[in-house]
Amino acid sequence: MSTSSSAFRDSASVGLGFVPLGLAFGALAVQSGLDWWWAALSAALIYGGSFEFLLIGMVTAAAPPVAIAGTAFMVNIRHVFYALSFPLHRVRGPLGKAYSTFALSDEAYALTAGDRARSWSGRRVLWLQLLMHLYWAASATAGALLGSLIPDGVTGLDFALTALFTVLALDALKDLSGDLPTPALALLSAVAARILCPGQMLPAAFVLFTAGLLARHFLSARSPSHA
(Lines give C-alpha, C1' and ligand atoms only; values in the text may rest on other atoms or scores of the structure.)
Protein backbone atom coordinates (compact mmCIF):
# COMPACT_ATOMS: atom_id res chain seq x y z
CA MET A 1 0.00 0.00 0.00
CA SER A 2 1.35 3.44 -0.94
CA THR A 3 2.11 6.14 1.62
CA SER A 4 -0.74 8.35 0.43
CA SER A 5 -3.22 5.46 0.58
CA SER A 6 -2.14 4.59 4.10
CA ALA A 7 -2.49 8.24 5.15
CA PHE A 8 -5.95 8.39 3.57
CA ARG A 9 -7.00 5.32 5.54
CA ASP A 10 -5.56 6.82 8.74
CA SER A 11 -7.33 10.16 8.23
CA ALA A 12 -10.71 8.84 7.06
CA SER A 13 -12.32 8.84 10.49
CA VAL A 14 -11.19 12.41 11.16
CA GLY A 15 -12.35 13.45 7.70
CA LEU A 16 -15.85 12.24 8.50
CA GLY A 17 -15.81 14.56 11.51
CA PHE A 18 -14.30 17.48 9.61
CA VAL A 19 -16.93 17.50 6.86
CA PRO A 20 -20.02 18.43 8.93
CA LEU A 21 -17.99 20.83 11.05
CA GLY A 22 -16.53 22.52 7.97
CA LEU A 23 -19.97 22.75 6.39
CA ALA A 24 -21.29 24.40 9.55
CA PHE A 25 -18.36 26.82 9.60
CA GLY A 26 -18.84 27.85 5.98
CA ALA A 27 -22.59 28.25 6.40
CA LEU A 28 -22.11 30.27 9.59
CA ALA A 29 -19.67 32.61 7.83
CA VAL A 30 -22.18 33.35 5.06
CA GLN A 31 -25.07 33.67 7.51
CA SER A 32 -22.97 36.21 9.45
CA GLY A 33 -22.79 38.46 6.39
CA LEU A 34 -19.37 37.46 5.03
CA ASP A 35 -18.72 36.54 1.39
CA TRP A 36 -18.33 32.85 0.57
CA TRP A 37 -14.68 33.21 -0.34
CA TRP A 38 -13.90 34.45 3.18
CA ALA A 39 -14.60 30.98 4.58
CA ALA A 40 -12.52 29.30 1.86
CA LEU A 41 -9.58 31.66 2.42
CA SER A 42 -9.76 31.27 6.18
CA ALA A 43 -9.82 27.47 5.98
CA ALA A 44 -6.85 27.41 3.59
CA LEU A 45 -4.60 30.03 5.21
CA ILE A 46 -5.58 30.12 8.89
CA TYR A 47 -6.66 26.50 9.42
CA GLY A 48 -7.35 27.21 13.06
CA GLY A 49 -10.58 25.32 13.73
CA SER A 50 -11.90 26.76 16.98
CA PHE A 51 -10.20 30.10 16.39
CA GLU A 52 -11.87 30.40 12.99
CA PHE A 53 -15.29 30.12 14.61
CA LEU A 54 -14.32 32.86 17.06
CA LEU A 55 -12.88 34.94 14.24
CA ILE A 56 -16.24 35.14 12.48
CA GLY A 57 -17.76 36.98 15.43
CA MET A 58 -14.71 39.20 15.86
CA VAL A 59 -14.62 40.19 12.19
CA THR A 60 -18.35 40.95 12.03
CA ALA A 61 -17.99 42.98 15.26
CA ALA A 62 -15.01 44.89 13.79
CA ALA A 63 -12.75 43.88 16.67
CA PRO A 64 -9.35 45.63 16.76
CA PRO A 65 -6.37 43.68 15.36
CA VAL A 66 -4.74 43.60 18.79
CA ALA A 67 -7.75 41.79 20.25
CA ILE A 68 -7.77 39.32 17.35
CA ALA A 69 -4.04 38.64 17.75
CA GLY A 70 -4.41 38.15 21.50
CA THR A 71 -7.30 35.75 21.04
CA ALA A 72 -5.37 33.78 18.43
CA PHE A 73 -2.45 33.47 20.82
CA MET A 74 -4.57 32.31 23.76
CA VAL A 75 -6.58 29.80 21.72
CA ASN A 76 -3.61 28.27 19.88
CA ILE A 77 -0.92 28.36 22.59
CA ARG A 78 -1.64 24.67 23.26
CA HIS A 79 0.15 23.83 20.00
CA VAL A 80 3.43 24.75 21.66
CA PHE A 81 2.98 21.78 23.97
CA TYR A 82 1.89 19.53 21.11
CA ALA A 83 5.20 20.22 19.38
CA LEU A 84 7.12 18.69 22.29
CA SER A 85 6.05 15.18 21.27
CA PHE A 86 4.89 15.61 17.67
CA PRO A 87 7.15 13.62 15.27
CA LEU A 88 8.38 16.66 13.36
CA HIS A 89 11.91 15.26 13.35
CA ARG A 90 10.79 12.56 10.88
CA VAL A 91 9.70 15.15 8.31
CA ARG A 92 12.44 16.01 5.85
CA GLY A 93 13.25 19.32 4.21
CA PRO A 94 12.60 22.89 5.37
CA LEU A 95 9.40 23.22 3.34
CA GLY A 96 8.03 19.95 4.70
CA LYS A 97 8.84 20.95 8.27
CA ALA A 98 7.31 24.40 7.74
CA TYR A 99 4.05 22.96 6.39
CA SER A 100 3.91 20.26 9.06
CA THR A 101 4.29 22.95 11.74
CA PHE A 102 1.54 25.03 10.12
CA ALA A 103 -0.83 22.07 9.74
CA LEU A 104 -0.39 20.76 13.29
CA SER A 105 -3.97 20.41 14.51
CA ASP A 106 -5.56 18.71 17.50
CA GLU A 107 -6.63 15.80 15.32
CA ALA A 108 -3.22 15.42 13.63
CA TYR A 109 -1.55 15.34 17.01
CA ALA A 110 -4.03 12.79 18.34
CA LEU A 111 -3.48 10.46 15.38
CA THR A 112 0.32 10.65 15.54
CA ALA A 113 0.61 10.38 19.33
CA GLY A 114 -0.50 6.75 19.55
CA ASP A 115 1.72 3.70 19.67
CA ARG A 116 0.79 2.55 16.17
CA ALA A 117 2.08 5.82 14.68
CA ARG A 118 5.61 5.38 16.00
CA SER A 119 6.64 3.57 12.83
CA TRP A 120 5.11 6.11 10.44
CA SER A 121 7.51 7.90 8.14
CA GLY A 122 7.67 11.67 7.83
CA ARG A 123 6.11 11.40 4.37
CA ARG A 124 3.12 9.56 5.81
CA VAL A 125 2.72 12.21 8.52
CA LEU A 126 2.79 14.95 5.89
CA TRP A 127 0.19 13.20 3.75
CA LEU A 128 -1.99 12.77 6.82
CA GLN A 129 -1.84 16.48 7.61
CA LEU A 130 -2.40 17.49 3.98
CA LEU A 131 -5.49 15.32 3.67
CA MET A 132 -6.99 16.71 6.87
CA HIS A 133 -6.26 20.24 5.64
CA LEU A 134 -8.07 19.43 2.39
CA TYR A 135 -11.05 17.95 4.26
CA TRP A 136 -11.42 21.16 6.23
CA ALA A 137 -10.89 23.59 3.33
CA ALA A 138 -13.17 21.72 0.93
CA SER A 139 -16.01 21.29 3.41
CA ALA A 140 -15.79 24.92 4.57
CA THR A 141 -15.94 26.12 0.96
CA ALA A 142 -18.89 23.86 0.21
CA GLY A 143 -20.68 25.04 3.34
CA ALA A 144 -20.16 28.67 2.35
CA LEU A 145 -21.44 28.08 -1.19
CA LEU A 146 -24.50 26.27 0.14
CA GLY A 147 -24.98 28.66 3.05
CA SER A 148 -27.15 31.02 1.02
CA LEU A 149 -29.72 28.21 0.74
CA ILE A 150 -30.16 28.04 4.52
CA PRO A 151 -33.06 30.18 5.82
CA ASP A 152 -32.10 33.17 7.95
CA GLY A 153 -34.10 31.84 10.89
CA VAL A 154 -31.89 28.78 11.34
CA THR A 155 -29.79 29.02 14.49
CA GLY A 156 -27.33 26.80 16.33
CA LEU A 157 -24.65 26.40 13.63
CA ASP A 158 -22.08 27.94 15.98
CA PHE A 159 -22.75 25.06 18.41
CA ALA A 160 -21.06 22.60 16.01
CA LEU A 161 -17.64 23.35 17.50
CA THR A 162 -18.90 22.85 21.05
CA ALA A 163 -20.42 19.55 20.01
CA LEU A 164 -17.14 18.41 18.44
CA PHE A 165 -15.07 19.16 21.53
CA THR A 166 -17.71 17.52 23.71
CA VAL A 167 -17.29 14.31 21.71
CA LEU A 168 -13.48 14.63 21.86
CA ALA A 169 -13.68 15.11 25.62
CA LEU A 170 -15.84 12.00 26.01
CA ASP A 171 -13.38 9.97 23.93
CA ALA A 172 -10.49 11.26 26.03
CA LEU A 173 -12.38 10.35 29.18
CA LYS A 174 -12.68 6.75 27.96
CA ASP A 175 -8.90 6.62 27.41
CA LEU A 176 -8.14 7.71 30.98
CA SER A 177 -8.71 4.14 32.21
CA GLY A 178 -10.47 5.13 35.41
CA ASP A 179 -8.40 8.25 36.14
CA LEU A 180 -11.35 10.22 37.49
CA PRO A 181 -9.34 12.99 39.26
CA THR A 182 -8.18 14.52 35.95
CA PRO A 183 -11.64 15.34 34.49
CA ALA A 184 -12.83 16.26 37.99
CA LEU A 185 -9.93 18.70 38.30
CA ALA A 186 -10.77 20.16 34.88
CA LEU A 187 -14.41 20.63 35.90
CA LEU A 188 -13.47 22.28 39.21
CA SER A 189 -11.05 24.59 37.40
CA ALA A 190 -13.77 25.67 34.97
CA VAL A 191 -16.30 26.29 37.75
CA ALA A 192 -13.77 28.24 39.84
CA ALA A 193 -12.74 30.34 36.83
CA ARG A 194 -16.39 31.08 36.04
CA ILE A 195 -16.95 32.33 39.59
CA LEU A 196 -13.66 34.18 40.14
CA CYS A 197 -12.96 35.54 36.63
CA PRO A 198 -16.17 35.49 34.57
CA GLY A 199 -14.73 37.90 32.02
CA GLN A 200 -11.56 35.82 31.50
CA MET A 201 -12.90 32.35 32.16
CA LEU A 202 -10.89 30.46 29.52
CA PRO A 203 -7.37 31.65 30.41
CA ALA A 204 -8.17 31.48 34.14
CA ALA A 205 -9.41 27.89 33.80
CA PHE A 206 -6.23 26.95 31.90
CA VAL A 207 -4.06 28.46 34.63
CA LEU A 208 -5.97 26.75 37.44
CA PHE A 209 -5.98 23.39 35.65
CA THR A 210 -2.24 23.58 34.91
CA ALA A 211 -1.50 24.57 38.50
CA GLY A 212 -3.62 21.69 39.74
CA LEU A 213 -1.83 19.16 37.52
CA LEU A 214 1.57 20.44 38.66
CA ALA A 215 0.53 20.28 42.31
CA ARG A 216 -0.77 16.74 41.90
CA HIS A 217 2.44 15.66 40.19
CA PHE A 218 4.54 17.25 42.92
CA LEU A 219 2.54 15.61 45.71
CA SER A 220 2.59 12.23 43.95
CA ALA A 221 6.35 12.41 43.47
CA ARG A 222 6.85 13.07 47.18
CA SER A 223 4.50 10.33 48.39
CA PRO A 224 6.12 7.16 49.87
CA SER A 225 4.65 4.96 47.14
CA HIS A 226 6.74 6.82 44.54
CA ALA A 227 9.95 6.86 46.53
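The exercises below, each with a worked solution, concern a predicted model of one protein chain.

Local features need pLDDT of at least 70 and side-chain atom pairs count only at pLDDT 80 or more, while totals for chains, interfaces and linings use all residues. Residues are numbered from 1 along each chain as its sequence is written, and side-chain values use heavy atoms, with hydrogens and water left out.

**Exercise 1. Describe the secondary structure and the contacts of the protein chain.**

Step 1. Helices (H or I, at least four residues) and strands (E, at least two) are DSSP runs, numbered from the N terminus. The chain has 11 helices and zero strands. Read from the N terminus, the order is α-α-α-α-α-α-α-α-α-α-α.

Step 2. Buried means under 20% relative accessible area, exposed over 50%, and partly exposed in between (1.4 Å probe, protein chains only). By this rule 33% of the 227 residues are buried.

Step 3. A contact means heavy atoms within 4.5 Å. Of the contacts between residues at least 6 apart in sequence, 71% join residues at least 24 apart.

**Exercise 2. Determine how helix α1 and helix α3 cross, and which residues make the contact.**

Step 1. Axes are lines fitted to C-alpha atoms, for helices over the stretch in contact, and angles run from 0 to 180 degrees between N-to-C directions. The axes of α1 (residues 3–31) and α3 (residues 50–60) come within 10 Å and cross at roughly 10 degrees.

Step 2. Angles under 35 degrees count as roughly parallel, over 145 as roughly antiparallel, 65 to 115 as roughly perpendicular and the rest as oblique. The crossing angle therefore makes α1 roughly parallel to α3.

Step 3. On α1 the contact is made by L21, F25, L28 and A29, and on α3 by E52, F53 and I56.

Step 4. Ala, Val, Leu, Ile, Met, Phe, Trp, Tyr, Cys and Pro count as nonpolar, Asp, Glu, Lys and Arg as charged, and the others, Gly among them, as polar. The contact residues divide into six nonpolar, no polar and one charged.

**Exercise 3. Compare the end-to-end length of helix α10 with its expected span, then find its buried side and the packing partner.**

Step 1. The expected span of a helix is 1.5 Å times one less than its number of residues. Helix α10 (residues 181–196) has 16 residues and should span 22 Å, and its end C-alpha atoms are 22 Å apart, which agrees.

Step 2. The buried residues of α10 are T182, S189 and A193. They cover an arc of only 30 degrees around the axis, so they lie on the same side of α10. The arc is that of the directions from the helix axis to the C-beta atoms.

Step 3. Turned away from that buried side is a face with the exposed residues L187, L188 and I195.

Step 4. The buried residues of α10 pack against α11 (201–222). S189 of helix α10 is an example: its relative accessible area is 5%, so S189 is buried. Leaving out residues up to four places away in sequence, S189 touches A205, L208 and F209.

**Exercise 4. Repeat the analysis for helix α11.**

Step 1. The 22 residues of α11 reach 31 Å from first C-alpha to last, close to the 32 Å expected at 1.5 Å a residue.

Step 2. A204, A205 and G212 are the buried residues of α11. Their arc around the axis is only 95 degrees, which puts them on the same side of α11. V207, L214 and H217 are exposed on the other side.

Step 3. The buried residues of α11 pack against α10.

**Exercise 5. Place Y47, A62 and A63 in the chain and classify their exposure.**

Step 1. Y47 lies in the loop between α2 (36–45) and α3. Y47 is not a glycine, yet has a positive phi of about 50 degrees. With a relative accessible area of 10%, Y47 is buried.

Step 2. A62 is in the loop between α3 and α4. Phi of A62 is also positive, near 55 degrees, in a residue other than glycine. A62 has 63% relative accessibility and so counts as exposed.

Step 3. A63 is found in the loop between α3 and α4 (65–76). Its relative accessibility is 22%, so A63 counts as partly exposed. A63 touches M58 and I68, not counting residues up to four places away in sequence.

**Exercise 6. Find how far S5 is from R124 in the model.**

Step 1. S5 belongs to helix α1 and is partly exposed, with a relative accessible area of 34%.

Step 2. S5 and R124 are 119 residues apart along the chain, and their C-alpha atoms are separated by 9.2 Å.
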